[in-house]
Amino acid sequence: WRVLAIYMFVAVSLSEQQALKQACPSCDASPLCNCSSMGVDFIPLGLTAKITELNLAHNRIKCIQSQDLQQAVNLRALLLQSNKISSIDEDSFQSLAKLELLDLSNNSLAHVSPVWFGHLFSLQHLHLQGNSYRDLGESSPFSSLRNLSSLHLGNPQFSVIRQGNFEGIELLHKLWIDGSNLSQYEQGSLKSIRKINHMIINLRNSNIFSEILRDLLHSVTWLEVTEIKLPVEKKSLVQNSTRPFRIQKLTFKEAFFTDQTLSRAIVLLKAVTSLKELEAVDCVLEGQGDWNTDEIKRSGQSFVETVTIINAIIQNFHLFLDLAGMESQINNLKRLTIASSNVFMVPCKLASHFSSLLYLDFHDNLLTNKRLNETICEGSWHSLQTLNLSQNSLKFLEQIANYTSRLPKLNNLDISQNNFGEIPDVCEWPKTLKYLNLSSTRIPRVTTCIPRTLEVLDVSANNLKEFGLQLPFLKELYLTRNHLKALPGATPIPNLVALSVRRNKLNSFSKEEFEGAQVGAVHLSVMECHRSLVVSMICVLVFLVILLLVAVGYKYHVVWYMRMTWAWLRAKRKPKRAPPKDVCYDAFVSYSENDSEWVENTMVRQLEQACPPFRLCLHKRDFVPGKWIVDNIIDSIEKSRKTLFVLSEHFVRSEWCKYELDFSHFRLFDENNDAAILVLLEPIQSKAIPKRFCKLRKIMNTKTYLEWPAGEEQQQVFWENLKAALKS
């Protein structure tokens, strides 16, 4: 019977492996299993622990069952997007503790269950968008996802966001919500997330936009809103909010504005003092610039430093007003981009008030020479350093040079992709000009119109047949896509370090083209003569010194002492105890990774499933991702009522256990209280304790500790004593 049982087991295993190989040939011997777009309607059998990435996207899978992924315990990425999944068993992902990416987007899920994600402790990226659920339930489906970094959710049917839906999430790098038909938002729902680096929300319901923005003032750094029809908001955006705010950048994409809504928005956003950058991409403005400039002026100065407008659609742009009255609002602006938006001029009166502007980009617009004369009038753009006028309708290079010479600080000018055709012999440029882009301007030759002050010159994609200018300060020269038959001479450009001559008509190089100082007149140092040898010797010497320092540091634990000293100084500056409202855990558990099976499968189960349950802080589960581990240790000890040490031979050999013991000493034992609990998992010989664990020797001699017994009856007493110690 044993032989028969073994035979049956092997036969089943082989049949499952064969089925997997047939369903997905790439899974045969590779940890990366790509089964996308293969028409499969179930998760293949025979998935094993060797697979780390499983791609089943764009198939016909309808359900995920308990046993489907049970053996894939080392899975890091699971891609199930664009299937027909409508059913997921509660324990389908229970064995995927190492999973970092889960993509369930564009399926048929009618609800989102928190049970699905209960064991996904390592999950960083979760994609749930494009399903058919209408809400996220009454509570948070994400409460156990402590390592979550990016979250994508929502769909055209998604209509409600409730308070508590995001409980458990503290930090997100990116949050993307498809709320195109969102009709109900409970105020405060997004406040539970303490920090969001970048949030994108598709929102058409203008009535809830302001409520969401108020909730995000203190958490989001960059907010991107798409498809919004901006409302005429009357209430303050910072009502009942305290400074400082976190939001720095606000982007509108495919949004719709009127003169009235835009005017009101300018007023309200001034109260958000942290906002430094505004961006509008592919937006529509129904109006002519008839803004309430009196109200805007009364509302005070704007704190925004960067404004970017790309592809603004204004139907009657030629009737747009001159924005008289807005002069006082642009004094602090430093960077302005208005591209692909049919700009044909800026009134001189308005231009003269851009006193702090350093960067101006008007590429792909309708500027002509005549309008440019008005735009860059005398006394305008006082501080401007970079100007981009590429892809306009400019002609007559001499006039362009004359207009830009009015800019006393200009050093970077891009006038590429205009049609100059001819180039004069003499031009007057700004004396500070160092970078000039004349590429794709159809100039047939270069003359002394090009300023001698240049360090970078780009004349690519023209009709040049030769280049013979004398430019003593030039460092970079770009001559790509011309008709050159010979290289430019070296003497007129002595400081050149970069030359691009791709796609020309060069067929030979003459000696004169590389002429320089004669060898007899050149005096080279040892470094210049034997550069490779000297560099090699220096690298070897530096490597040996670093190796010596590493060896000394390792032998005498120098790095450890330096980090401990720094952490000790920081810990001493903090208050002795965290405020009661900041205490989140009953105990912080310090243990060796080698004892993790007992801690996580035995002790955690006994304590967290007790009645009432204890809340334990474990480094694997509860440390904040991306944070320095030393800061994680200090914060976790401060937020815990007790510190529980699981002592073993492995513990005394662990460097991080030593850190945790010392930090606990700094923050807890110095207060002469009983905040430390010692659990002796196995007998420890005193001679086995390293000298650096002097505090452990002292603590074990002065404090009572609990020993883990072998018998089941004594174990029950052990658990009762441990629970009593945690409650004390």
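Helix α9, which spans residues 531-556, is a convenient place to enter this predicted model, and one of the residues that lie in this helix is I546. With a relative accessible area of 47%, I546 is partly exposed, and together with I538, V542 and V550 it makes a nonpolar surface patch of about 350 Å². A general rule about helices helps in reading such a list of residues: an α-helix has 3.6 residues a turn, so residues three or four places apart point the same way.

From this patch we can step back to the chain as a whole. The chain has 728 residues, of which 46% count as buried, and its secondary structure consists of 17 helices and 31 strands. The area that the chain exposes comes to about 37,400 Å², and carbon and sulfur atoms supply 53% of that area. If we take the contacts between residues at least 6 apart in sequence, 61% of them join residues that are at least 24 apart.

A predicted model also has to be read with its confidence in mind. The average pLDDT of the chain is 85, and 83% of the residues score at least 70. Over residues 3-17, however, the pLDDT is below 50, and this stretch has two contacts in the model beyond near neighbours in sequence. Residues 517-522 also stay under 50, and for them the model has one contact beyond four places in sequence. Where pLDDT is low, the predicted coordinates should not be read in detail.

Is helix α3 largely enclosed by the rest of the structure, or largely open? Nine of the 11 residues of α3, which covers residues 259-269, are buried, and therefore this helix is largely enclosed by the rest of the structure. The buried residues of α3 are D259, T261, L262, S263, R264, A265, V267, L268 and L269. What covers them includes the strands β14 (249-253), β15 (256-258), β16 (277-281) and β17 (284-286), as well as helix α4 (293-298).

Strand β14 leads us on to the charged side chains. Side chains of opposite charge can pair when their charged atoms come close, and this structure holds 18 salt bridges. In one of them K253 pairs with E224, with the closest N and O atoms 3.2 Å apart. This pair links distant parts of the chain, since K253 is in strand β14 and E224 is in strand β13 (residues 220-226), 29 residues apart. K253 is partly exposed, with a relative accessible area of 30%, whereas E224, at 6% relative accessibility, counts as buried.

Another salt bridge is formed by R76 and E100, whose closest N and O atoms are 4.0 Å apart. R76 lies in the loop between β3 (63-64) and β4 (77-79), and E100 lies in the loop between β5 (87-88) and β6 (101-103), so this pair ties together parts that are 24 residues apart in sequence. R76 is partly exposed at 34% relative accessibility, and E100 is partly exposed at 32%.

E600 and K620 meet in a salt bridge as well, at 3.3 Å from N to O. Because E600 lies in helix α11 (residues 596-608) and K620 in helix α12 (residues 619-622), the pair ties together parts that are 20 residues apart in sequence. In addition, salt bridges that share partners join R146, E608, R621 and D622 into one network.

The cysteines provide links of another kind, for a disulfide is a covalent bond between the sulfur atoms of two cysteines. A search of the whole structure finds two disulfides. One joins C348 to C377, with 2.0 Å from S to S, and with 90° about the S-S bond this link is right-handed. C348 lies in helix α5 (residues 348-351) and C377 in the loop between α6 (369-375) and β21 (386-388), so the pair ties together parts that are 29 residues apart in sequence.

The other disulfide joins C427 to C449, with 1.9 Å from S to S, and with -95° about the S-S bond it is left-handed. C427 counts as buried at 14% relative accessibility, and C449 counts as buried at 0%.

Why is there no bond between C584 and C617? The sulfur of C617 is the closest cysteine sulfur to that of C584, but the two are 8.7 Å apart, which is too far for a bond. C584 is partly exposed, with a relative accessible area of 37%, while C617, at 0% relative accessibility, counts as buried.

Definitions and conventions:
Residues are numbered from 1 along each chain as its sequence is written. This is a predicted model: local features need pLDDT of at least 70, side-chain atom pairs count only at pLDDT 80 or more; totals for chains, interfaces and linings use all residues. Side-chain values use heavy atoms; hydrogens and water are left out. Patches are made of residues with over 30% relative accessible area and no salt bridge: like charges are joined within 9 Å, nonpolar side chains (Val, Leu, Ile, Met, Phe, Trp, Tyr) within 5 Å. Accessible areas come from the Shrake-Rupley method with a 1.4 Å probe; for residues, only the protein chains shown count as cover. A salt bridge is a side-chain nitrogen of Lys or Arg within 4 Å of a carboxyl oxygen of Asp or Glu. Helices (H or I, at least four residues) and strands (E, at least two) are DSSP runs, numbered from the N terminus. Buried means under 20% relative accessible area, exposed over 50%, partly exposed in between (1.4 Å probe, protein chains only). Contact means heavy atoms within 4.5 Å. pLDDT is the predictor's confidence in each residue, from 0 to 100. A disulfide is a pair of cysteine sulfur atoms within 2.5 Å.
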